[in-house]
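Let's take a walk through this one, strand by strand, and then look at what packs inside. Have the viewer open and follow along.

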Amino acid sequence: MTKPSQMGTWLTALAAISLAGCNPLSLLPSSRGFQVKDGEAVYISVSGAPGSPPIVRKVPADPKTFQAIPPLDNATKDSLAYACDSKQVFMAALTRPYLLQGCDPTSFTVMSDDGKYSRDARHVYYCGILLADADPDTFQILAPPYSKDANHAYAGAVAFEVLDASTFEVIRP
């Protein structure tokens, strides 16, 4: 704990850092999310219990090419987190990272502000679950959790039959 006699020194240092154009908070290590720590790709999360240590999980990725994928500009506070290396894409849910099967990191994008919908050039994912047969070129998010493409309608990750996907819409009272 900082003693009152040291407070002036800390405040002076923070003021000097701020005047130099730096954000003093950027000097602190990131407390959570995807990152490279001690030469390993990891996902760091918190359990929510006050005073609990962070939970650090290794990610089976190449630390030399590993990077967090920024959320959308309008992302919600609890948006799902994503990262990739040169060959794979990962998503974090709760306290664990998961591999998005078959996902191409060079064409991967997050589609929704909550991060639940994402895609690459050949696939669409809902909460990291591959939507079988979904067409990324015609895929549309309707009123979540509903979505559709040219041939299918979905409730979350579950496809269901509709007579004509092009006219399918969500009706809410």
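**From a hairpin to the cores**

Start with a pair of facing residues: A92 has P97 in β7 as its bridge partner. Keep in mind that this is a predicted model. That pair belongs to a set of four bridges linking β6 (residues 89-93) and β7 (residues 96-99), and the two strands run antiparallel. Together β6 and β7 make a hairpin, with two residues between them. If you like checking backbone torsions, look at L94 in that turn, where phi is positive at about 60 degrees.

Now move back along the chain to an open sheet of three strands, ordered β1-β2-β3 with antiparallel pairing. The edges are β1 (33-37) and β3 (55-58), each of which pairs on one side only. Going from one strand to the next, the twist averages 35 degrees. β1 is tied to β2 (residues 40-45) by five bridges, again in antiparallel fashion. To find the register, put V36 opposite A41 in β2.

So much for backbones; what about the side chains? The largest nonpolar core holds ten residues: L80, Y82, C84, V89, M91, L100, C103, F108, V110 and Y125. Two elements, β5 (81-84) and β6, each give two or more residues to this core. There is also a second, separate core of nine residues, with F34, A83, F90 and A92 among them. Our opening residue, A92, is thus part of that second core.

Back in the largest core, pick out V110. Leaving aside residues up to four places away in sequence, V110 touches L72, Y82, G115, Y117 and S118. One of these contacts, Y82, is a member of the largest core too.

Terms used:
Residues numbered from 1 in each chain as written. Predicted model: local features only at pLDDT ≥ 70, side-chain atom pairs only at ≥ 80, totals over all residues. Heavy atoms only, no water. Pairing = 2+ DSSP bridges. Axes fitted to C-alpha atoms, helices over the stretch in contact; angles between N-to-C directions. Core = buried A, V, L, I, M, F, W, Y, C linked by side-chain atoms within 4.5 Å. Buried < 20%, exposed > 50% of the residue type's maximum accessible area, 1.4 Å probe, protein only. Contact = heavy atoms within 4.5 Å.
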